[in-house]
Amino acid sequence: MPRPARDASARAAAGRGGAGRYTRTSAAPGRAIADSPGPRAADLVADAVRSGILSGELAPGTPLREEELSATHGVSRHTARTALTRLAGERLVTAEPYRGVRVSLLDDDALIALQQLRCALETEALRIVRDRGIHPPDVDAALDALADAEASGDWPATLDAHARVHLALVDAAGSPRIAEEYRRLDSEMHLLLTHVRPAYAPGTLTAEHRAYVRAALDEPERAVRAHLDHSTWAIIEGRRTR
């Protein structure tokens with residue numbers, strides 16, 4: 001089971017907003033983003049909308065309109081369109097003919113396809129790690145953070161820490177391309193898990209991931225597939241029992 005890992009501070013930067021609304025940065029209205037160079041302005045708008053999506057403030061299916069983004073953030077519609085294009089590249093939003101752009105909603109088939117691709121990337125990363133005899137330098141701290149978050153009952157923090165565990169394993173391979181592609185998938189998974197919480201008894205997620213790390217470092221081809229298959233069906237079952 002995954003996420004991507006957007007840290008809590010990034011989500012907090014987006015502030016609070018309702019469905020169909022977008023949060024301005026803390027500077028003077030219409031200035032902080034509008035005064036930035038074009039590409040940087042698009043980055044800031046994308047960051048704000050991404051934070052709203054991954055925090056759950058913008059629910060799946062919420063329409064994202066260029067004119068509203070433009071007015072809220074004090075940018076041109078071209079800049080707003082560029083920001084939405086970037087989010088579409090992360091599959092956090094979906095553009096549909098005659099319906100415009102909406103926050104993405106992963107159905108079961110999309111989830112299975114996503115997990116299959118995660119499996120391929122994570123397996124290859126861990127094969128490299130195993131063959132080079134590397135112990136991922138950040139994984140132990142990530143597991144401890146997962147234990148703390150799970151004990152606190154804070155689901156958003158648990159998602160962030162969970163993502164840190166998987167990213168620590170992938171990053172240890174030292175492959176920028178694998179890490180880049182994996183992070184794209186992590187954002188999608190984080191979006192799904194923001195709205196679907198599988199049933200885990202307290203401490204179960206941490207124990208499962210400690211065992212997973214040990215197995216994956218020894219036999220990634222088997223361990224990664226088994227772990228992601230298990231999490232896939234836990235998510236599907238969690239969705240059905242909501």
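Mentor: Before we start, buried means under 20% relative accessible area, exposed means over 50%, and partly exposed lies in between (1.4 Å probe, protein chains only). This is a predicted model, in which local features need pLDDT of at least 70 and side-chain atom pairs count only at pLDDT 80 or more, while totals for chains, interfaces and linings use all residues. Residues are numbered from 1 along each chain as its sequence is written, and side-chain values use heavy atoms, with hydrogens and water left out.

Trainee: How many helices and strands are in the protein chain?
Mentor: Helices (H or I, at least four residues) and strands (E, at least two) are taken as DSSP runs and numbered from the N terminus. Read from the N terminus on, the elements run α-α-β-α-α-β-β-α-α-α-α-α-α. That gives 10 helices and 3 strands.

Trainee: What share of the residues in the protein chain counts as buried?
Mentor: The protein chain exposes about 11500 Å² (Shrake-Rupley method, 1.4 Å probe; for residues, only the protein chains shown count as cover), and carbon and sulfur atoms supply 52% of that area. Of the 242 residues, the share that counts as buried is 48%.

Trainee: In what order do the strands of the open sheet stand?
Mentor: Two strands pair if DSSP finds at least two bridges between them; E1 and E3 (residues 100-103) pair in the antiparallel sense over 2 bridges, and E2 and E3 do so over 4 bridges. Strands E1 (63-64) and E2 (93-96) each have a single partner strand and stand at the edges, so one side of each is left without a neighbour in the sheet. The order of this open sheet of 3 strands is E1-E3-E2.

Trainee: Which residue of E3 is the bridge partner of Thr 94?
Mentor: Between E2 and E3 there is a hairpin with 3 residues between the strands, where Tyr 98 takes a positive phi near 70°. On the E1 side, Pro 63 has Arg 102 as its bridge partner in E3. For Thr 94, too, the bridge partner in E3 is Arg 102.

Trainee: Which helix gives the most residues to the largest nonpolar core?
Mentor: A nonpolar core is a set of buried Ala, Val, Leu, Ile, Met, Phe, Trp, Tyr and Cys residues joined through side-chain atoms within 4.5 Å, and in the largest, of 24 residues, those that touch the most other members are Leu 111, Val 170, Ile 178, Met 189, Leu 192 and Ile 235. The elements that give two or more residues to this core are H5 (108-131), H7, H8 (176-195) and H10 (220-240). With 7 residues, the helix that gives the most is H8.

Trainee: Arg 50 forms a salt bridge with which residue, and is Arg 50 buried or exposed?
Mentor: A salt bridge is a side-chain nitrogen of Lys or Arg within 4 Å of a carboxyl oxygen of Asp or Glu, and by this rule the count comes to 18. Arg 50 lies in helix H2 (residues 38-54) and its partner in the loop between helix H4 (77-89) and E2, so the pair ties together parts that are 40 residues apart in sequence. At 11% relative accessibility Arg 50 counts as buried, and the partner, met at 2.7 Å (N to O), is Glu 90.

Trainee: How far apart are the closest N and O atoms of Glu 67 and Arg 77?
Mentor: Glu 67 lies in helix H3 (residues 66-73) and Arg 77 in helix H4, so this pair ties together parts that are 10 residues apart in sequence. Glu 67 is partly exposed at 41% relative accessibility, and Arg 77 is partly exposed at 44%. The closest N and O atoms in their salt bridge are apart by 3.7 Å.

Trainee: What is the relative accessible area of Glu 150?
Mentor: Glu 150 is found in helix H6 (residues 139-152). Leaving aside neighbours within four places in sequence, Glu 150 is in contact (heavy atoms within 4.5 Å) with residues including Thr 158, Ala 201, Pro 202 and Gly 203. Glu 150 is buried, with a relative accessible area of 13%.
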